[in-house]
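Got your viewer open and a selection box ready? Let's take a walk through this model, one stop at a time.

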Amino acid sequence: RIFPPVPRRTHTTGLAATPTPLSSSRISRSGRGVRQSFPSPTPATRYKRYEMDSTFAAAAAGGGEARGGGAGGGAGGELILHRWPGHWGLPSLSPECIAVETYLRLAGLRFSCEDCKTPYASPSGQLPALDQDADVVGGTVSDGEDGVGLRQDPSTATYRITAHLKRKVRDLDVALNADASTRSLLTAYLALVEAKLAPATAYYTWVDRGRFAKHTRDAYGRAFPAPLSYIYTWLWRRQVASQMPGYDEERVLLGVADAYGALAARLADSGGAYFFGNAPSSLDAIAFAHLAFHAHSPVGDAMRGELKKHPELLAYVNDMQGRLYPGPGGGGGTGGAMGTVDPSTWLEPPA
């Protein structure tokens, strides 16, 4: 029986540090077998660095409160975002990575990006991860006191990173949190995205067999030679599927329809460019990440029929892309500007 490898690392700082290679084996909890691991890509292929010039996003951060760093930089040191590389016309393969990057851009922060072709190239062993002056945020969550049961949970990493940014760098929600009713509304919509859109993204990226075989396996496994490209992605698929018992396509699409409708109504009621008026919030970061992923990625084709019914959401995605990821090179870090969403070019998904 093969398990996902667990990276063993010493704490490193800066961009030149080479992550420690993965351990060759690990004894299982029962002692009956060995948890096998596989070699990671050579260090020279792991990282691709982008320097972000976020001055264009400073105007978008009018609602945030700086905590020591201001809009031009991070508090206490350089911010480095470790993320999956861009693909499918998106800044990153992962909507969780897109959410963190969008938060940083909405906050008008200056930061750098490290493209990691595998999560094991990240200083935390997971993507996304944020490195702020040797303080790495985001990582592996232990399922057991002995640390043997380890689970990769990108949504947990995203939550930890955004909580860290709110607490120590810039809080986009400070104005909303001042009012109890608005704070409750924000919490409800964040829960809606996590309960409806995030499972839909995970389902069509990993659980759906056809889309996994045609798109996901190649996109996530291209850093590895065969057969590792098949083994790793199969392990990740099995892991995601184990966390989604009871989900099928009907349940996923019903949830997507509910979420799209609620977000469209919220955007109309806000009367501004964002979900809560003319100042961005953490909801804009996470909702945009999933909406853009659904609109651009080939695995999102099954959800586009419903997305077409909400032109205000499509306009929102295009507006956010133009504001936060503009110009050649994606404004200095996406590996290419995000293309305009044009629903007239979308093909119907296979039956």
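Start with the whole thing on screen and pull up the charged pairs: a search of the entire structure turns up eight salt bridges. Keep in mind that this is a predicted model.

**Stop 1: Glu101 and Arg83**

Select Glu101 and Arg83 and show their side chains. They form a salt bridge, with 2.5 Å from N to O. Glu101 sits in helix α1 (residues 95–106) and Arg83 in strand β5 (residues 79–83), so this bridge ties together parts of the chain that are 18 residues apart in sequence.

Is Glu101 buried or exposed? Glu101 has 0% relative accessibility, so it counts as buried. Arg83 is buried as well, with a relative accessible area of 0%.

Now add Arg105 and Asp115 to the selection. Together with Arg83 and Glu101, they are linked in a network of salt bridges.

**Stop 2: along β5 and the loop that follows**

Stay in strand β5 and pick His82. His82 is buried, at 4% relative accessible area. Add Ala129 and draw a C-alpha to C-alpha distance: His82 and Ala129 are 5.1 Å apart in space, although 47 residues separate them in sequence.

Next, go to the loop between β5 and α1 and click on Pro91. Pro91 has a relative accessibility of 0%, so it counts as buried. From there, draw a line back to Glu101 from the first stop: the C-alpha atoms of Pro91 and Glu101 lie 8.6 Å apart, and the two residues are 10 apart along the chain.

**Stop 3: Asp173, Lys166 and Ser282**

Select Asp173 and Lys166. Here is another salt bridge, at 2.8 Å from N to O. How much of each partner is accessible? Asp173 is buried, with a relative accessible area of 1%. Lys166, on the other hand, is partly exposed at 23%; the cut-off for buried is under 20%.

Keep both residues displayed and add Ser282, which belongs to helix α8. Ser282 is buried, with a relative accessible area of 8%. What does Ser282 touch, leaving aside residues up to four places away in sequence? Its contacts are Tyr103, Lys166, Leu172, Asp173, Leu186 and Leu190. So both partners of the salt bridge you just selected, Lys166 and Asp173, are among the residues that Ser282 touches.

**Stop 4: α4 against α8**

Switch to cartoon and highlight helix α4 (residues 180–207) together with α8. Their axes come within 10 Å and cross at roughly 25 degrees. Angles under 35 degrees count as roughly parallel, so that is the label for α4 and α8. The crossing is left-handed.

To see what fills the interface, turn on side chains. On the α4 side, the residues in contact include Leu186, Tyr189, Leu190, Val193 and Leu197. On the α8 side, look for Ser282, Leu283, Ile286, Ala287, His290, Phe293 and His294.

**Stop 5: α4 against α5**

Leave α4 on and swap α8 for α5. How do these two helices pack? Their axes are 6 Å apart, at an angle of about 85 degrees. That makes α4 roughly perpendicular to α5. Tyr204, Thr205, Trp206 and Val207 in α4 meet Arg209, Arg211, Phe212, Thr216 and Tyr220 in α5.

**Stop 6: Arg211 and Asp301**

Hold on to Arg211 from that list and add Asp301. The two form a salt bridge, with their closest N and O atoms 2.8 Å apart. Arg211 belongs to helix α5 (residues 209–221), while Asp301 is in the loop between α8 (282–296) and α9 (304–307), and the pair links distant parts of the chain, 90 residues apart. Arg211 is buried, at 9% relative accessible area, and Asp301 is buried too, at 14%.

**Last stop: zoom back out**

Clear the selections and show the full chain. In all, the secondary structure comes to 10 helices and 11 strands. Of the 351 residues, 52% count as buried. Among contacts with a separation of 6 or more, 74% are between residues 24 or more positions apart. If you switch on a surface, the accessible area comes to about 14,700 Å², and 54% of that belongs to carbon and sulfur atoms.

Conventions:
Residues numbered from 1 in each chain as written. Predicted model: local features only at pLDDT ≥ 70, side-chain atom pairs only at ≥ 80, totals over all residues. Heavy atoms only, no water. Helix = DSSP H or I, 4+ residues; strand = E, 2+ residues; numbered from the N terminus. Buried < 20%, exposed > 50% of the residue type's maximum accessible area, 1.4 Å probe, protein only. Contact = heavy atoms within 4.5 Å. Areas by Shrake-Rupley, 256 points an atom, 1.4 Å probe, with all protein chains shown as cover. Salt bridge = Lys/Arg side-chain N within 4 Å of Asp/Glu carboxyl O. Axes fitted to C-alpha atoms, helices over the stretch in contact; angles between N-to-C directions. Parallel < 35°, antiparallel > 145°, perpendicular 65-115°, else oblique. Left-handed = near helix turned anticlockwise from the far one by under 90°.
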